[in-house]
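Trainee: Hi, have you got a few minutes to go through a model with me?
Mentor: Sure, put it up on the screen.

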Amino acid sequence: MDQATTDSTQRWLTKAHHDLVGARKSAADDDVTLDVAVYHCQQAGEKSLKAFLVAHSTAFPKTHSLILLLPMCAAMDASFQQWQTEAALLSPLAFTFRYPDDFVPLNPTRAQFDEAFAAAQRIYDFVLSLLPPETHPK
């Protein structure tokens, strides 16, 4: 991996890490900002997958869908297939709670946040385990 690719991968992983930190902080105060927290969980998962694609010099579409990104990663490493449940859980969180809707509560539950955070953390940790240490956030 050349230095430019290493640096770009590291930036994507740093942003994913920031989203995990932001999710944790948003959820720490009370349940009022769990909508923001789950959005950051989705973003962490998305950016983790995109970091893997960047590390492999693979272009990806402008999308928030982990469901679309996951097969792209799995084409390079079949072990990504194990994350389908997490991708399906996180993908809708890019929009589900972001806008008021008569049919969706304003905020997810604490249990929904906990599940989303755990899923995002698992994907992030998995991607880190596949990439060289020099791409990891400092």
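Mentor: Let's talk through the overall fold, the helices, the core and the aromatic rings.

Trainee: What should I know before reading any values?
Mentor: This is a predicted model, so to speak of local features we need pLDDT of at least 70, side-chain atom pairs count only at pLDDT 80 or more, and totals for chains, interfaces and linings use all residues. Residues are numbered from 1 along each chain as its sequence is written, and side-chain values use heavy atoms, with hydrogens and water left out.

Trainee: How many helices and strands are there?
Mentor: The protein chain has five helices and zero strands. These are DSSP runs, numbered from the N terminus: H or I of at least four residues for helices, E of at least two for strands.

Trainee: And what about the radius of gyration?
Mentor: The protein chain has 15 Å, which agrees with the value near 14 Å for a compact globule of 138 residues. That radius is taken over C-alpha atoms, and the globule rule is 2.2 Å times the number of residues to the power 0.38. The C-alpha trace spans about 45 × 30 × 25 Å along its principal axes.

Trainee: What share of the residues is buried?
Mentor: Buried residues make up 43% of the 138. Buried means under 20% relative accessible area, exposed over 50% and partly exposed in between, with a 1.4 Å probe and protein chains only.

Trainee: Let's do H1. What span should it have?
Mentor: For its 27 residues at 1.5 Å a residue, 39 Å is expected, and the end C-alpha atoms are 40 Å apart, which agrees. The expected span is 1.5 Å times one less than the number of residues.

Trainee: Which residues of H1 are buried, and what covers them?
Mentor: Among them are Thr5, Gln10, Leu13, Asp19 and Leu20. The cover includes H2 and H5, where contact means heavy atoms within 4.5 Å.

Trainee: And what covers the buried residues of H5?
Mentor: For H5, the cover includes H1, H2, H3 and H4. Its buried residues include Ala116, Ala120, Ile123 and Val127.

Trainee: Which residues touch the most other members of the largest nonpolar core?
Mentor: Cys41, Leu49, Phe80, Leu90 and Phe113 do, in a core of 37 residues. Helices H1, H2, H3, H4 and H5 each supply at least two residues of this core. A nonpolar core is a set of buried Ala, Val, Leu, Ile, Met, Phe, Trp, Tyr and Cys residues joined through side-chain atoms within 4.5 Å.

Trainee: What does Leu49 touch?
Mentor: Leaving out residues up to four places away in sequence, Leu49 touches Leu66, Leu69, Leu70, Cys73, Phe80 and Ile123.

Trainee: New topic: how many aromatic pairs are there?
Mentor: The structure holds five. One of them is Trp83 with Phe126, tilted, at 5.3 Å centre to centre and 50° between the planes. Rings of Phe, Tyr and Trp (its six-membered ring) pair if their centres lie within 6.5 Å; planes under 30 degrees apart count as stacked, over 60 as edge-to-face and the rest as tilted.

Trainee: Where do those two sit in the chain?
Mentor: Trp83 is in the loop between H3 and H4 and Phe126 is in helix H5, 43 residues apart. Trp83 is buried at 11% relative accessible area, and Phe126 counts as buried at 13%.

Trainee: Which residues form the aromatic cluster with them?
Mentor: Phe52 and Phe80 join Trp83 and Phe126 in one aromatic cluster.
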